[in-house]
Amino acid sequence: MHGLMMRAQLTVNSLIEHAAKFHGDTEIVSRTVEGPIHRTTYGEAFHRVHKLAGVLAGLGVGNGDRVATLAWNGYRHLELYFAISGMGAVCHTINPRLFPDQITFIVGHAADKVIFVDLTFVPVLEAIAGGLSGVNAIVIMTDNDHMPETSLPNALCFEDLMAGASEGFDWPEIDENTASSLCYSSGTTGNPKGVLYSHRSTVLHSFAACSHDGLALSAADSILPVVPMFHVNAWGIPYGAAMAGAKLVLPGAGMDGGSVWELLDNERVTLAAGVPTIWMLLLQYLKESGKSLPHLERTIIGGSALPQSMIETFEETYDVAAIHAWGMTEMSPLGTTAHLKGKMQDLPDVEKMAYKVKQGRPVYGVDIKIVDDDYQSLPHDGVAFGELCVKGPWIVGDYYEDADASEQAKTDDGWFRTGDVCTIDAEGFMLIVDRSKDVIKSGGEWISSIELENIAVGHDAVAEAAVIGAPHAKWGERPLLVCVLNNGASVSGDDLIQFYDGKIPKWSWPDAVEFVDELPHTATGKIQKLKLRETYSDYKFASE
Ligand code: AMP
């Protein structure tokens, strides 16, 4: 017997419609590429989204066509999110930090029909123009006054198109399983793989983002997603914020500590989200400038492991809760958050911290398990570790047009293999020990590079740290700590190694330390361990 409830479709358009109807005067604030701060509201944005859908139709975009964006977090990008998906096309966000060859590959693989590009990234497209023959139109996301000289053929101006657009675009009826957006995950090996989200998966993910133990987005919040809209849809925050009716603050290209602080303060931001590197820059800025964070209540930190020292600084110095979260492009991205349970609230601080540093427990909708090399499930005892597998309605079923990658990632019983090596404790809190390819295998023992990095950045002199397994004649691999020091700080390698004393067993301490000016990062801000392993492939430890 079927239930007798309405069969309303879960669509992306319904999110912006809701925001416009019930939160019409709630602000969307953007730091623009052109310079000034821009202010609009959900009501005005909805109006422009309709016009923009008409523009897209005029450019020949139809049902299911892919429309690419290379853009910062800003109001025009937000309008594109809703206009493209709302008219039944697919919003394909491209990470402009990818190598030019990778961008050419994914534009071709996705068969993008139109590309929208921010001023900053026009040179990126100019450099690969020869590989864009399948693209019908390129639209530069600016007004007529700021249109650049460009070698791109037939470049169009966003605001000119909007000025000529008619008002009355009718949304088509959309089945909730229709594709809404596309994001390529930039693995360290092989070609990027496309994750094709649906209207339904996006709306369900937004409910999870709004849930209290998810990201807790609310109409009472002013939210600053520093995580880019070209990386997993800014963790789904643009959709979730519309669902919640939250004020949205979009930082444009200003990711440095000073620019982020200015928005946090001026826009009375209550909730911010980003990767640890962004918060490292902010915390350095606060320390140097003596500024504080009077409005910020909480910050969601994920993408890479959140070090304990960062949680402590946020809590103790700035009275801000730093909440650890984990996810993947393949998961829209939300998987787990480290919100404490009721029974944990009265634990001693050290025991609470032991939970807060973990990547956290699954939100409803995401199931997790760990398996050994034979795909046998391992116990949730906080000790056994194995590959994390996940399952749920906003997790990739198949990669877009990539049967081999899909085959490798899927299990016969319908789980997705994450490639993360984890423990899960009796409370369901997951801890990432490492990416399976980054774990250090020393004489039959496994050493977590993440654990060693987290300890290193707890040292006052250290700004950023990476630990890799470098080849060792006796042990196979030993941990090598590569780190960047804070401005003006100094510490010897031996002193840094001694810093591990009393924190972890001696056999897992780094064997050696190398100091560098800068660590290599991937297009999504993670440390490029593969590159470091190449750099130090002939490393000789003193102990060899
Ligand atoms: P991406 O698809 O680029 O977002 O990368 C997903 C991967 O980033 C995950 O599989 C993890 O390896 C890593 N990751 C994400 N969040 C965290 C976190 N909180 N701690 C450690 N690694 C993380």
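## A walk from a sheet to two cavities

Start by selecting strand 17 and strand 18 (residues 386-391) in this predicted model: the two run antiparallel, and 5 bridges join them. For a single pair to look at, pick Lys369, whose bridge partner in strand 18 is Cys389.

Now add strands 19 and 20. You have an open sheet of 4 strands, in the order 17-18-19-20, with antiparallel pairing. Look at the edges: strand 17 (367-371) and strand 20 (430-435) each have a single partner strand, so one side of each has no neighbour in the sheet. Turn the view and check the twist, too: on average, neighbouring strands here are turned by 50° against each other, direction ignored.

Next stop, the empty spaces. There are 3 cavities of 30 Å³ or more in the structure. For the largest, select Val33, Gly74, Tyr75, Arg76 and Asp118, which lie nearest its centre among 14 lining residues. The space inside is about 130 Å³. Strand 1 (27-31) and helix 3 (75-86) are the elements that give two or more residues to this lining, and helix 3 gives the most, with 3. Colour the lining of the largest cavity by class and you'll find 4 nonpolar, 6 polar and 4 charged residues.

Which residues line the second largest cavity? Select Tyr197, Ser201, Thr202, His205, Ser206, Asn233, Gly236, Tyr239 and Ser332. Helix 7 (residues 199-210) gives the most to this lining, with 4 residues. The volume of this second largest cavity is about 60 Å³. Colour its lining by class as well: 2 nonpolar, 7 polar and no charged residues.

Technical notes. Residues are numbered from 1 along each chain as its sequence is written. This is a predicted model: local features need pLDDT of at least 70, side-chain atom pairs count only at pLDDT 80 or more; totals for chains, interfaces and linings use all residues. Side-chain values use heavy atoms; hydrogens and water are left out. Two strands pair if DSSP finds at least two bridges between them. Axes are lines fitted to C-alpha atoms, for helices over the stretch in contact, and angles run from 0 to 180 degrees between N-to-C directions. On a 1 Å grid over the protein atoms alone, a cavity is a set of points where a 1.4 Å probe fits but cannot get out, and a pocket is an open set with protein on both sides within 12 Å along at least five of seven lines; lining residues have an atom within 4 Å of a point. Grid points are joined across faces, edges and corners, and a volume is the space filled by probe spheres set on the points. Ala, Val, Leu, Ile, Met, Phe, Trp, Tyr, Cys and Pro count as nonpolar, Asp, Glu, Lys and Arg as charged, and the others, Gly among them, as polar.
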